[in-house]
Amino acid sequence: MKVFKAEYLSNGDCLDAPLGYNPNTSQALVKEGMGWRLGNGHSINIWKQPWLKKQDKCYVSSSPPLGLEHMTINSLIRVDQNGWILDNAQQIINNDDLQDIQMMPLINTHEKDLPIWKASATEI
């Protein structure tokens with residue numbers, strides 16, 4: 001994956017790249033098996049990426065409010081206390097999603113987020 005990205009997508013993310021003339025299902029399969037090991041939250045879009053830790057629900061079900069489509073998880077993390085900042089989040093995130101977020105422990109908030117293959121939890 002690292003070689004592919006360096007060679008063909010040095011300026012972008014291969015999972016968000018537009019499909020070419022002859023698309024196949026490989027991009028969809030990679031997206032389905034991908035998850036994130038949450039660190040500082042700077043690399044993970046709240047609305048578009050699979051970051052929740054529930055087996056049957058890894059995407060937030062809330063719709064992004066206008067103007068906040070690119071919001072990343074770091075805006076919900078209080079790094080100095082290794083905790084969530086969810087006081088005002090109920091205005092933009094539904095209660096089910098908030099409960100799922102609150103259940104997630106924050107352990108590595110001083111490290112980068114890492115894409116993982118969910119079946120093995122190893123780096124991609």
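In what order do the elements of the protein chain run from the N terminus on? Colour the cartoon by secondary structure and follow along: you should read α-α-β-β-β-α-β-β. That gives three helices and five strands. Keep in mind that this is a predicted model.

Before zooming in, show the surface of the whole chain. Its accessible area is about 8400 Å², and carbon and sulfur atoms account for 52% of that. Of the 124 residues, 34% are buried. If you like contact maps, take the pairs at least 6 apart in sequence: 57% of those contacts join residues at least 24 apart.

Now select Asn40. You'll land in the loop between β1 (34-37) and β2 (77-78). Is Asn40 buried or exposed? It is buried, because its relative accessible area is 17%, and the cut-off for buried is under 20%. Show sticks and look for His42: the Asn40 side chain reaches the His42 backbone nitrogen at 2.9 Å. Then bring up the residues that Asn40 touches further along the sequence, including Asn74, Ile77, Glu111 and Asp113.

Next stop, Ser62, which also sits in the loop between β1 and β2. With 9% relative accessibility, Ser62 is buried as well. What does its side chain reach at 2.8 Å? Select Asn94, and you'll find the backbone nitrogen there. Add Asp97 to the view: its side chain makes a polar contact with the side chain of Ser62, at 2.6 Å. To fill in the surroundings, select Trp47, Ile92 and Ile93, which are among the residues that Ser62 touches.

Technical notes: Residues numbered from 1 in each chain as written. Predicted model: local features only at pLDDT ≥ 70, side-chain atom pairs only at ≥ 80, totals over all residues. Heavy atoms only, no water. Helix = DSSP H or I, 4+ residues; strand = E, 2+ residues; numbered from the N terminus. Buried < 20%, exposed > 50% of the residue type's maximum accessible area, 1.4 Å probe, protein only. Polar contact = N/O pair within 3.5 Å; in protein donor to acceptor, adjacent residues only side chain to side chain. Contact = heavy atoms within 4.5 Å. Areas by Shrake-Rupley, 256 points an atom, 1.4 Å probe, with all protein chains shown as cover. Lists of a residue's contacts leave out its neighbours within four places in sequence.
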